[in-house]
Protein chains: 2
Amino acid sequence: MKRKITLKQIAKELDVSISTVSKSLRNSLEIGEETRLKVQAFAKFYNYKPNNIALSLKNRKTKSIGIIIPEIVHYFFSTVINGVEQVANEYGYSVVICVSDDSFDKEVLNMEMLANGSIDGFIMSLSKETQFKGDFHHITEVINQGMPVVMFDRVTNDILCDKVIIDDKAAAYEAVQSLIDNGRRKIALVTTVDYVSVGKLRTDGYEKALLDNGIAFSEDLIIKIEDVDTCEITISELLHARAFDAVFAVNELFAVTIIKTANKMGLKVPEDLAVIAFTDGIISKYSTPTITTVSQSGEKMGSKAAKMLIERLEAEEDDDEEHTENYTTEVIETHLIKRESTD
Amino acid sequence: MKRKITLKQIAKELDVSISTVSKSLRNSLEIGEETRLKVQAFAKFYNYKPNNIALSLKNRKTKSIGIIIPEIVHYFFSTVINGVEQVANEYGYSVVICVSDDSFDKEVLNMEMLANGSIDGFIMSLSKETQFKGDFHHITEVINQGMPVVMFDRVTNDILCDKVIIDDKAAAYEAVQSLIDNGRRKIALVTTVDYVSVGKLRTDGYEKALLDNGIAFSEDLIIKIEDVDTCEITISELLHARAFDAVFAVNELFAVTIIKTANKMGLKVPEDLAVIAFTDGIISKYSTPTITTVSQSGEKMGSKAAKMLIERLEAEEDDDEEHTENYTTEVIETHLIKRESTD
DNA sequence: TTTCAACACTACCACGTTTTCGTAAAGCAA
DNA sequence: TTGCTTTACGAAAACGTGGTAGTGTTGAAA
């Protein structure tokens, strides 16, 4: 077991100084060719690689970026990571991942853990609990320390930073409009509780589409689901209680549950009930019938976020001091993917 | 924008030495109470936190573990990450993730990137290409440098290290046996190419179950799929060409594709065709019909792997030198989750 | 008065790297 | 010989931390 070799060891072995070794390896002209080649050969033989930690300490940058997300076993979030990962790799960055589990405390803890030098910047999506509490001090703090943060999907207006989002309201509007265009008038909405920012926005889009088309908006046709595990029951109740011919669900899971429940009740999708879901994931593609969805490219969001972050990081290098804080919010376009659950 | 404060800055501000500050913060008795409290108050006010990088350099350990997996947008792998993440967090470790994209080169590159001090140990599952080439020098190298590696799921006998696997062969055997117990005799197998270790093992289990039950084993009923994207065509061909009453698929995706294709052909699942899939994921739960699967708890594998790795890391601290290399291979139990795709 | 211990703190080193500055030796012109 | 440049290298600081060893002062016991 040969431990990694260091400059110091090479220097000692070859009986030269550490600086000579360092310079030789960086091909400095200061060092005579003979010595230079000798050092390089030796280093190559022992497979010398500079120690990242030492470099980080010296350069005050780690070349890694932290991602904080609510869940990882989640199609959308994992596609985002994928996007980030690809861009990060391209630019020589590593990706450190922490999962907040939708808990405020874990989010804070994770951020603090990473903020002390482990990473150069954050890419994050807020946990439900954080959105509920509206407490963003941990993020402000990190930003105040000069660490760039890029938020995506679940963002907040209370924090000034770069953001990557989709136009949730417009996308929801488009989805509902398409249902209306197909002659559906009684459209239900299955969404999350309001404090989840994207849930609220999608609800707004739904409402606007109805009103613009002169369709009465009724609270009775809306259910807000807090706990995913019990959504089956709630959805079943809705289906039994009310009559409607279309549903807009803010995620795949709700949608597929609706379809399954409807089928059990003898309703046919899409004939009796058209279904559109937000977020194009794996379920929509493989459920029966396949589900029409609003695609929301997590990969694009991730790679865009990573690009924004890295750009800011590399920009800092040059100006170093107080660059003008012109934060941007990037809107990723969505589109409707028509499948079998609508006609 | 106040950058993070350091010991040095505190020392300067309070006009004491750096060591005094350091010791005060660690509550050393060497420092008089007055000074100690003054320093602590000051540090608290400026929210002092020791710099992780400096600590890593000093302690020669980073308190982070690297995960290398073939894909991240993948139910099984993301559950594994989840398991790792939880345990890691519990022990104060961060998780750095790299995706090999099933490419040998990316796997090597990622490992090299992380091996130079960024992490204390690896948890990994081999990329397809690596398994195909059988080239594991990058892993040997890392291990030789004294960095512990834990492999999971896609492992190899060519490397000596801790491993976490399931008994793929036995699990496949059990699945096929259950089909036979239900009176199925013509059982097809849809699997991956042989060089994927788990694919091969599952094929072996399938074969053994047939033979043990006195059922002829026929190559005609086996298809090995290389490219997931074109599996639909291949599967469709199989369904048209051969007659069989049950299928064992080595993953969910194959299974759901089989079901959909069978439905199109007018075959009823499970009446005409029983289907069992390996790997219990989200598709199986939500497809119609829901799919009977072999559960393979990624979370358990992840947390087990993390525990093994961390244990080894903390053990190293004590003995420091050459601990007896008694590597273990942990086998996670599986069980059959019966759903609608079988009777 | 001397000696010793307790106290309160500072100096220094190590971790691995890069980089700035310094300097000895050699070469060369005046 | 003197003065200057060039070549080839080394010393040391810096990044931030924490531990060991050391130092100087004070007060009290011998």
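## An unusual proline

In chain A, P289(A) sits in the loop between α13 (282–286) and β10 (292–295). (Helices, which are H or I runs of at least four residues, and strands, which are E runs of at least two, are taken from DSSP and numbered from the N terminus.) What is the peptide bond from T288(A) to P289(A), cis or trans? It's cis, with omega near -5°. Chain B has a cis bond too, from T288(B) to P289(B), with omega near -10°, and P289(B) lies in the loop between α13 and β10 (292–295) of chain B. These bonds catch the eye because most peptide bonds are trans.

Before going on, a quick word on the ground rules. This is a predicted model, so local features need pLDDT of at least 70 and side-chain atom pairs count only at pLDDT 80 or more, while totals for chains, interfaces and linings use all residues. Residues are numbered from 1 along each chain as its sequence is written, chains are lettered from A and ligands numbered from 1 in the order in which they are written, and side-chain values use heavy atoms, with hydrogens and water left out.

## The start of chain A

UniProt, in an unreviewed entry, places the feature "domain: HTH lacI-type" at residues 5–59 of chain A. (UniProt positions follow the numbering used here, feature names are shortened, and annotations may be inferred rather than shown by experiment.) This span is 67% helix and 0% strand, and its end C-alpha atoms lie 21 Å apart.

Now look at both ends of α4(A). At its N-terminal end, N51(A) acts as a cap: a side-chain oxygen lies 2.6 Å from the backbone nitrogen of I53(A). Just after α4(A) comes R60(A), with a positive phi of about 55°. R60(A) is not a glycine, and its place is the loop between α4 and β1 (64–69) of chain A. Most residues other than glycine have a negative phi.

## Meeting DNA strand C

Which residues come nearest to DNA strand C? Out of 28 residues around the strand, those are K8(A), T20(B), K23(B), E30(B) and T35(B). (A residue is near a strand if one of its heavy atoms lies within 4 Å of it.) Sugar and phosphate make up 58% of the DNA strand C atoms that come within 4 Å of the protein.

Some polar contacts are worth finding on screen; here that term is a pair of N or O atoms within 3.5 Å, and within protein one must be able to donate a hydrogen and the other to accept it, with residues adjacent in sequence counting only if both atoms are side-chain atoms. R26(A) puts a polar side-chain atom 3.2 Å from a phosphate oxygen of DNA strand C, and S17(B) brings a backbone N or O atom to 2.9 Å from a phosphate oxygen of this strand. With S19(B) you get to a base: a side-chain N or O atom is 3.4 Å from a base nitrogen. The surface near DNA strand C has nine nonpolar, nine polar and 10 charged residues, and α2(A) gives the largest share of that surface, four residues. (Nonpolar covers Ala, Val, Leu, Ile, Met, Phe, Trp, Tyr, Cys and Pro; charged covers Asp, Glu, Lys and Arg; the others, Gly among them, are polar.)

## Meeting DNA strand D

DNA strand D has 27 residues around it, and T20(A), K23(A), E30(A), T35(A) and K8(B) are the closest. For contacts to phosphate oxygens of DNA strand D, check the side chains of T35(A) at 2.6 Å, K8(B) at 2.5 Å and R26(B) at 3.0 Å. The elements giving two or more residues to this surface are α2 and α4 of chain A, plus α1 (7–14), α2 and α4 of chain B. By class, you'll find eight nonpolar, nine polar and 10 charged residues near DNA strand D.

## Where the two chains touch

How many residues of chain B are in contact with chain A? There are 54, and they touch 55 residues of chain A (contact here means heavy atoms within 4.5 Å). About 4,900 Å² is buried between the chains, with carbon and sulfur atoms giving 56% of it; buried area is the accessible area (1.4 Å probe) that two parts lose on being put together, summed over both.

The interface has 16 residue pairs in polar contact, both residues at pLDDT 80 or more, but zero salt bridges (a side-chain nitrogen of Lys or Arg within 4 Å of a carboxyl oxygen of Asp or Glu). On the chain B side, α5(B) gives the most, with seven residues. That side has 23 nonpolar, 21 polar and 10 charged residues.
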